[in-house]
Each structure stands twice: as C-alpha cells, then as structure tokens.
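Colleague: I should like to take a close look at one part of this protein and see how its surroundings are arranged. Please give one connected account, suitable for someone in the first year of study.

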Amino acid sequence: MITCYDLLSKRKVWINPRCVISVEFREDATGKYAEIHITGEPYRIKVEENAREIKEIKEFFEKIGEE
C-alpha cells in the first residue's frame with residue numbers, strides 16, 4: 001500500500017498500486033499534480049506531481065514491466 005494525500009478531500013488515503021488504472025499529469029492554478037485513476041471509478045486522487053508516492057507508483061510499474 002502507498003500512502004497518498006488526496007488534494008480534493010484534503011486527507012490521507014492508502015492505495016494498492018495494482019488497483020491503479022492510469023496516472024495523468026496535469027497543471028492548474030495550484031500547480032502540477034497527478035490524477036490517479038483507481039479501479040473504483042469515479043474515485044480519483046490528486047497528488048502533487050513531485051510527490052514520493054508518484055515515484056513509487058512509477059517504480060512499481062517499471063518492476064512489473066521487467067518481470
């Protein structure tokens with residue numbers, strides 16, 4: 001499980017990387033963020049793009065790709 005901070009609901013949430021469908025990188029008035037689409041749509045998590053959690057999600061999928 002990876003701990004993320006949901007910018008929309010302003011609380012911490014825990015996600016299983018295997019439930020991530022996609023990650024879209026966007027920018028708005030508040031700055032850059034990543035919108036994480038989870039298998040329970042319409043649940044979406046917005047995380048700052050440079051957050052450690054985004055790097056962990058990328059590393060998770062890179063490891064799966066190597067296997």
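Where in the structure is the place of Phe-61? Please begin there, and then describe the residues around that element and the contacts they form.

Modeller: Please keep in mind that this is a predicted model. Phe-61 has its place in helix α1, an element that covers residues 52-66.

The aromatic side chains come first. The structure has 1 aromatic pair. The partners are Phe-60 and Phe-61, whose ring centres are 5.3 Å apart and whose planes stand at 90°, so this pair is classed as edge-to-face. The reasoning rests on a cut-off, because planes over 60 degrees apart count as edge-to-face. Phe-61 has a relative accessible area of 36%, and is therefore partly exposed. That class applies because the value falls between the limit for buried, under 20%, and the limit for exposed, over 50%. As for its distance from another part of the chain, Phe-61 is 54 residues from Leu-7 in sequence, and their C-alpha atoms are separated by 23 Å.

We may now turn to the charged residues of the helix. In general, side chains of opposite charge can pair when their charged atoms come close. Arg-52 forms a salt bridge with Glu-56, with 2.9 Å between the closest N and O atoms. Both residues belong to helix α1 and are 4 residues apart, which is about one turn of the helix. Arg-52 also forms a salt bridge with Glu-53, and here the closest N and O atoms are 3.4 Å apart.

The residues in these two contacts are covered to various extents. Arg-52 has a relative accessible area of 53% and is therefore exposed. Glu-56, at 25%, is partly exposed. Glu-53 is buried, its relative accessible area being 12%.

Glu-53 also offers a link to another element. Tyr-5, a residue of strand β1, is 48 residues from Glu-53 in sequence, yet their C-alpha atoms are 9.0 Å apart in space. Tyr-5 itself is partly exposed, with a relative accessible area of 39%. Strand β1 comprises residues 2-6, and Ile-2 is one of them. Ile-2 is buried, with a relative accessible area of 6%. Its C-alpha atom is separated by 7.2 Å from that of Pro-17, although Ile-2 and Pro-17 are 15 residues apart along the chain.

Charge also appears on the surface without pairing. Glu-59, Glu-62, Glu-66 and Glu-67 form a negative surface patch. One of these residues, Glu-62, lies in helix α1. These four glutamates can be grouped in a patch because the rule admits residues with over 30% relative accessible area and no salt bridge, and joins like charges within 9 Å.

For context, the structure holds 4 salt bridges in total. Besides the contacts of Arg-52 described above, there is a salt bridge between Arg-26 and Glu-35, with the closest N and O atoms 4.0 Å apart. That pair can be counted because the limit is within 4 Å. Arg-26 is partly exposed at 38% relative accessibility, whereas Glu-35 is buried at 10%. Arg-26 and Glu-35 are also linked with Glu-24 in a network of salt bridges.

To return to the starting point, Phe-61 is a partly exposed residue of helix α1, and its ring meets that of Phe-60 in an edge-to-face pair. The same helix holds Arg-52 and Glu-56, about one turn apart, as well as Glu-62 from the negative patch.

Technical notes
Residues are numbered from 1 along each chain as its sequence is written. This is a predicted model: local features need pLDDT of at least 70, side-chain atom pairs count only at pLDDT 80 or more; totals for chains, interfaces and linings use all residues. Side-chain values use heavy atoms; hydrogens and water are left out. Patches are made of residues with over 30% relative accessible area and no salt bridge: like charges are joined within 9 Å, nonpolar side chains (Val, Leu, Ile, Met, Phe, Trp, Tyr) within 5 Å. Accessible areas come from the Shrake-Rupley method with a 1.4 Å probe; for residues, only the protein chains shown count as cover. A salt bridge is a side-chain nitrogen of Lys or Arg within 4 Å of a carboxyl oxygen of Asp or Glu. Lys and Arg count as positive and Asp and Glu as negative; His and the chain ends are not counted. The place of a charge is taken as NZ of Lys, CZ of Arg, CG of Asp or CD of Glu. Helices (H or I, at least four residues) and strands (E, at least two) are DSSP runs, numbered from the N terminus. Buried means under 20% relative accessible area, exposed over 50%, partly exposed in between (1.4 Å probe, protein chains only). Rings of Phe, Tyr and Trp (its six-membered ring) pair if their centres lie within 6.5 Å; planes under 30 degrees apart count as stacked, over 60 as edge-to-face and the rest as tilted.
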